[in-house]
Amino acid sequence: MKKMKITDFSENWFKHLIKIIWVGFAMGLVLAFLYVFAVKGDWFGLFGGMPSVKALENPENELASELYSADQVLLGKYFRPNSNRTPAQYRDLSPNLIEALTATEDLRFNEHSGIDPKAILRAMAGVITFNRSGGGSTLSQQLAKNLFNTRQEDYDGSLLRRIKNEDIKTIIQKSKEWIIAVELEKNFTKEEIMAMYLNTVDFGGNTFGINVASKTFFNTTPDSLEIQEAAVLVGLVQAPSYYNPVRNPENSKRRRDVVLGQMEKYGFISEELLDSLVQLPIEVDYEVQNQNVGLATYFRTVTGNFLRDWASDNGHDLYGDGLRIYTTIDSRLQEYAEEAMAEQMKALQQRFMEHLAGRDPWIDEDKQVIPNFLESRMKTTSLYSQLQQKYQEYPDSIEIALNLPKPMTIFSWEGEIDTVMSSMDSIRYYKHFLQSGFMAMDPHTGHIKAWVGGINHKYFKFDHVKYGKRQPGSTFKPIVYATAIENGYSPCYTLMDAKVTFDIPGGKWTPENAMGKYTGQQMTIRKAMANSVNSITAKMMEKVGPAEVVKMAKRLGIESDLEAVPSLCLGVNDVSLFELVGAYSTFVNKGTHITPFFITRIEDKNGNILQEFPPKTYEAINEETAYIMLHMLKGAMEEEGGAALGLSYDVKESNEIGAKTGTTQNASDGWFIGVTKDLVAGAWVGGDDRPIHFRDWVSGQGSRTARPIWNSFMERVYQNSEIGVTKGPFPRPIRRLSVEIDCDQYDDLTEDSDSLDIILPVNNVNPDDIL
């Protein structure tokens, strides 16, 4: 027998070993492919679902819907918790940001196809050596996890839910991320993946995506991020809470410097630049985006209520579809309105507190403090309902809980105050504040240009523009006079300021003038309206009839319930500021009423128009009646004692202004509505509850509470020539007027006079007598 040499044995053994390795490798490949197909296809339901091909090609992520002003300023967003994101395109990303992310998270991003073998080997070595300084996930894998929640129940199979070994779970979950990452690389470019990743990152504090993060932390956009700012945001990716620059500035700076170090290590920045950047402190301009901050907070809430209904009716998700809503608001006018209200209400609140001199403001007709007022108001709160539910068997505990001191932050005009108060102390404190509402609109388009529903949305949620309805007082009188003008009365029609009494069911009603006396003077109805003489307004109501006044109010856009009773002439039925401003705008718009509106169009996330909102118009009164009513309203500027004489010179100079004040019984409500050729605006001031008011009527009248807000707003508007709101006269009708309006020159005018577009007057003649 031939003897086998050792060398032959070695060669055969080596060949056999090679064969075994190749067979093993081949079997490993087969098993790997089988494993991939098993995971991808979720064989026997063991691994959990995977995204469909359609989902991979069109990955969906909830996007916040955005609300824009007419001048393209982002006013706010509508989103669910954990979904405040607005997508950015790759072209919107600063190179600083891309380089910082690449250097820190995925150096070979542009080289691999979704999986980086080198990074995986490094991560495995880290596990063996207990050095986990570097992960193995690529940006594509992290995007897969962000988009499809591979570690959440949506893609968990029965096996994953049963087994307790976390390492096995991790292997399967990682496998899914690898598979999805490769599929994403097939369907998208590197630039698209980079942008998609940055759009899905959680930066902490309900801040999702680079657009929102840039705005929240630095009040800028992704394309304007400085190197050090980009490094801070990239550092947040690893641990959003721990590296939050607001809550943990030292941790954030340490992480930022690591990111900058990575950028220097891989040649994105020089060593000299690194040395200078690490010396810089982190400077944030932090503001969490929510409905309590930014412009038009009340407007955004009211608009949100409308949009929720619209979305529901039209099959859209306001909080996830990324809708783009375009409004009529002008951000500059909105800012001026908010500044004017804050400025004037701060001063008025100080005056109110000095006036009260430590007394409570909730008083009855005899100026006595209303007993148990706070207790009755507390019972209407959600807190009281919660306590009732909690202490059903121990009702006495409710009072104990309500009077238990606790830490809280409260509103003040000097800024928020951290203090200790009970719930009863809190409601007592807040009931001392006067509230306000303000709205301005373009009378020719119906576009609402500014909307301020209250003094601070965070602490006082109720909107006083549309939802708040109060007695309008004398601001309702122009509707009475408009009815008279339409029926042929001239502004020069003269009546005596004297007592007038109406027979009403159950007795008689005699309106008193504001100061409680009648002068006995003869005066034109224009002067009577300018001076807000109740007796003459009541006499005109008697002549035209309450039913006709109600009809006129409805034509002018007042939708609130109105009673056809004599006292309606003094504004006893509640209406909203929204309705009054819309009604007065009809006079400026030559008698055509345009329902005030605030949304022009809604688009989907791709810019496709879903719906446009044209103005709703109709002829309410004829052009002549409308112009004569402007002349009547101008009496506030031109008649002695007129309500607009107190406006500033900067507003009145070279300008025609019509206006009306209103003050209700006990000065519970103060109003001022002012009209100009380009804008109609109105302000209301009062307490949250009607019994809350100044203790004397004079201090709380509209000329002292509401007019200053209107004046301050218009001063700001006229100072900005770029807005396009200018001073000037109201346009006159082309046709000659059928009644006299220049009462002072009546004796000097003839039918041939051409100094004014008039014909012979019907001054001091009852139109009923003519007919």
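## Helix α18 and its packing

The buried residues of α18 pack against three helices and two strands, namely α15 (373-378), α16 (382-390), α17 (396-402), β4 (406-410) and β5 (417-421). In this predicted model, the helix itself covers residues 423-430, and its buried members are S423, M424, S426, I427 and Y430. Viewed down the axis of α18, these buried residues fall within an arc of 160°, so they line one face of the helix.

S423, which lies in α18, can be followed in more detail. S423 has a relative accessibility of 7%, and because buried means under 20%, it counts as buried. When neighbours within four places in sequence are left aside, the contacts of S423 are M378, L383, L402, L404 and K406.

## The chain as a whole

The chain contains 28 helices and 20 strands, and 51% of its 771 residues count as buried. Among the contacts in the chain with a separation of 6 or more, 70% are accounted for by residues 24 or more positions apart.

## Helix α13

Helix α13, made up of residues 297-313, has 17 residues, and the distance from its first C-alpha to its last is 25 Å, which is close to the 24 Å expected at 1.5 Å a residue. The buried residues of this helix are T297, Y298, F299, R300, V302, T303, G304, L307, W310 and A311. After α13 comes G315, whose phi is positive, near 70°.

## The loop between α22 and β13

Two buried residues can be described in the loop that runs between α22 (546-555) and β13 (575-576), and one of them is S567. S567 has a relative accessible area of 18%, and since the cut-off for a buried residue is under 20%, S567 is buried. Not counting residues up to four places away in sequence, S567 touches W509 and V572.

N573 also has its place in the loop between α22 and β13, and at 9% relative accessibility N573 counts as buried. Once residues up to four places away in sequence are set aside, N573 touches R470, Q471, P472, D561, L562, E563 and L568. One of these partners, P472, is 101 residues from N573 in sequence, while the two are 7.5 Å apart in space, C-alpha to C-alpha.

## The cavity

The structure holds one cavity of 30 Å³ or more, and the largest cavity has a volume of about 60 Å³. Its lining is formed by L434, A667, S668, G670, V685, G686, G687, I692, H693, F694, G700 and T705.

Strand β20, which spans residues 680-687, supplies the largest share of this lining, with three residues. Sorted by class, the lining of the largest cavity consists of five nonpolar and seven polar residues, with no charged residues; glycine is counted among the polar residues in this classification.

Terms used:
Residues are numbered from 1 along each chain as its sequence is written. This is a predicted model: local features need pLDDT of at least 70, side-chain atom pairs count only at pLDDT 80 or more; totals for chains, interfaces and linings use all residues. Side-chain values use heavy atoms; hydrogens and water are left out. On a 1 Å grid over the protein atoms alone, a cavity is a set of points where a 1.4 Å probe fits but cannot get out, and a pocket is an open set with protein on both sides within 12 Å along at least five of seven lines; lining residues have an atom within 4 Å of a point. Grid points are joined across faces, edges and corners, and a volume is the space filled by probe spheres set on the points. Helices (H or I, at least four residues) and strands (E, at least two) are DSSP runs, numbered from the N terminus. Buried means under 20% relative accessible area, exposed over 50%, partly exposed in between (1.4 Å probe, protein chains only). The arc is that of the directions from the helix axis to the C-beta atoms. Contact means heavy atoms within 4.5 Å. The expected span of a helix is 1.5 Å times one less than its number of residues.
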